[in-house]
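Visitor: Please choose one part of this model and go through it closely. I would like the cut-offs along with the details.

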Amino acid sequence: MSLPILETVPWLVQTKLYPPQLRTDMVVRQRLSDWLAQTAVSFPVTLISAPAGYGKTTLCATLTRTLPQIPLAWLTLDEADNDVNDFMAALLGALQLLEPTFGTRAQWLLPTLSSLSDTENGRSEIRRFMDVLLDDLVAGLPDKFVLVLDNLHVLKNGRLFLALDYLLDQLPPQMHMVLAAQHDPPLVLPRLRAQQQLAERNIVDMAFTRAETESLLNDRLTLGLAANELDQVQNSSTD
């Protein structure tokens with residue numbers, strides 16, 4: 001049996017595999033956290049797409065409070081994850097925090113991904129790896145769980161989108177994915193929408209409401225702004 005990925009890949013930073021801790025003084029955006037708690041387990045895929053600063057990561061992290069009974073796997077992506085081998089190792093690491101014995105066969109195949117080129121043979125090897133990973137998911141993680149991929153916009157490698165598309169097309173029923181990105185990723189989103197398998201929130205949905213603006217500026221930052229001043233701030237933020 002293979003050792004867990006965190007014991008064999010020294011460069012894998014473990015903080016990538018945990019959601020950020022929620023601040024005690026955070027502005028509670030109940031409408032969004034309630035929506036995510038519901039869609040994260042009722043839709044196969046949930047996409048939160050908005051520019052930096054709109055609270056995507058914080059919203060995803062609220063799942064630790066709103067769905068404490070559902071296992072949560074987390075992966076914060078960075079530029080280094082554009083390497084296929086590095087991405088798959090990090091993905092296995094995130095899933096092995098749910099079950100340390102998960103993914104033995106997929107982990108054994110990791111070295112075959114190191115030198116893949118963007119050829120038909122390389123794409124076939126990725127599909128082969130994903131088939132093994134999917135089999136491991138069904139056998140090794142049979143209960144409902146949620147996987148969050150945060151900062152998905154940093155991925156540029158087309159082979160990774162091929163792998164993710166394949167995963168989304170074959171997603172096991174117990175697995176739910178939450179994707180957070182600064183823009184819509186080049187995945188099979190139209191197909192998911194047509195099949196009603198995708199829940200979404202975008203920049204309009206993620207913008208602060210008037211009540212949330214007041215909570216942030218007056219309750220948290222104690223600025224003591226009058227109603228007309230809050231209106232000005234709200235209007236300027238939506239222009």
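**Salt bridges and their surroundings**

Guide: Asp-135 is partly exposed, with a relative accessible area of 45%. (Under 20% is buried, over 50% is exposed and partly exposed falls in between, using a 1.4 Å probe and protein chains only.) This is a predicted model, in which local features need pLDDT of at least 70 and side-chain atom pairs count only at pLDDT 80 or more, while totals for chains, interfaces and linings use all residues. Residues are numbered from 1 along each chain as its sequence is written, and side-chain values use heavy atoms, with hydrogens and water left out.

The partner of Asp-135 in a salt bridge is Arg-105, with 3.6 Å between the closest N and O atoms. (A salt bridge requires a side-chain nitrogen of Lys or Arg within 4 Å of a carboxyl oxygen of Asp or Glu.) Asp-135 belongs to helix 7 (residues 120-140) and Arg-105 to helix 6 (residues 104-109), so the pair ties together parts 30 residues apart in sequence. (Helices, H or I of at least four residues, and strands, E of at least two, are DSSP runs numbered from the N terminus.) Arg-105 is also partly exposed, at 43%.

The total by this rule is eight salt bridges. Another of them joins Arg-191 and Asp-169, at 2.7 Å from N to O. This pair links distant parts of the chain, with Arg-191 in helix 9 (residues 189-194) and Asp-169 in helix 8 (residues 158-169), 22 residues apart. Arg-191 counts as partly exposed at 41% relative accessibility, and Asp-169 does too, at 39%. Elsewhere, Lys-16, Asp-78 and Asp-81 are joined into one network by salt bridges that share partners.

In that network, Asp-78 and Lys-16 have their closest N and O atoms 3.3 Å apart. Asp-78 sits in the loop between strand 2 and helix 5, and Lys-16 in the loop between helix 1 and helix 2, 62 residues away. Asp-78 is partly exposed at 32%, whereas Lys-16 is buried at 10%. The Lys-16 side chain also makes a polar contact of 2.7 Å with the side chain of Asp-81. (A polar contact is a pair of N or O atoms within 3.5 Å; within protein, one must be able to donate a hydrogen and the other to accept it, and residues adjacent in sequence count only if both atoms are side-chain atoms.)

Leaving aside residues up to four places away in sequence, Lys-16 touches Trp-74, Leu-75, Thr-76, Leu-77, Asp-78, Asp-81 and Ala-90. (Contact means heavy atoms within 4.5 Å.) Ala-90 is one of the buried residues of helix 5, as is Ala-94. The C-alpha atoms of Lys-16 and Ala-94 are 8.4 Å apart, across 78 residues of chain. Of the 13 residues of helix 5, 12 are buried, so the helix is largely enclosed by the rest of the structure. At its start, a side-chain oxygen of Asp-83 comes within 3.1 Å of the backbone nitrogen of Asn-85.

Leu-75, a contact of Lys-16, stands opposite Leu-149 in strand 3. Strand 2 and strand 3 (residues 145-150) are paired in the parallel sense over five bridges. (Two strands pair if DSSP finds at least two bridges between them.) They belong to an open sheet of five strands in the order 2-3-4-1-5, with parallel pairing. Its edge strands are strand 2 (72-76) and strand 5 (198-201), each pairing on one side only.
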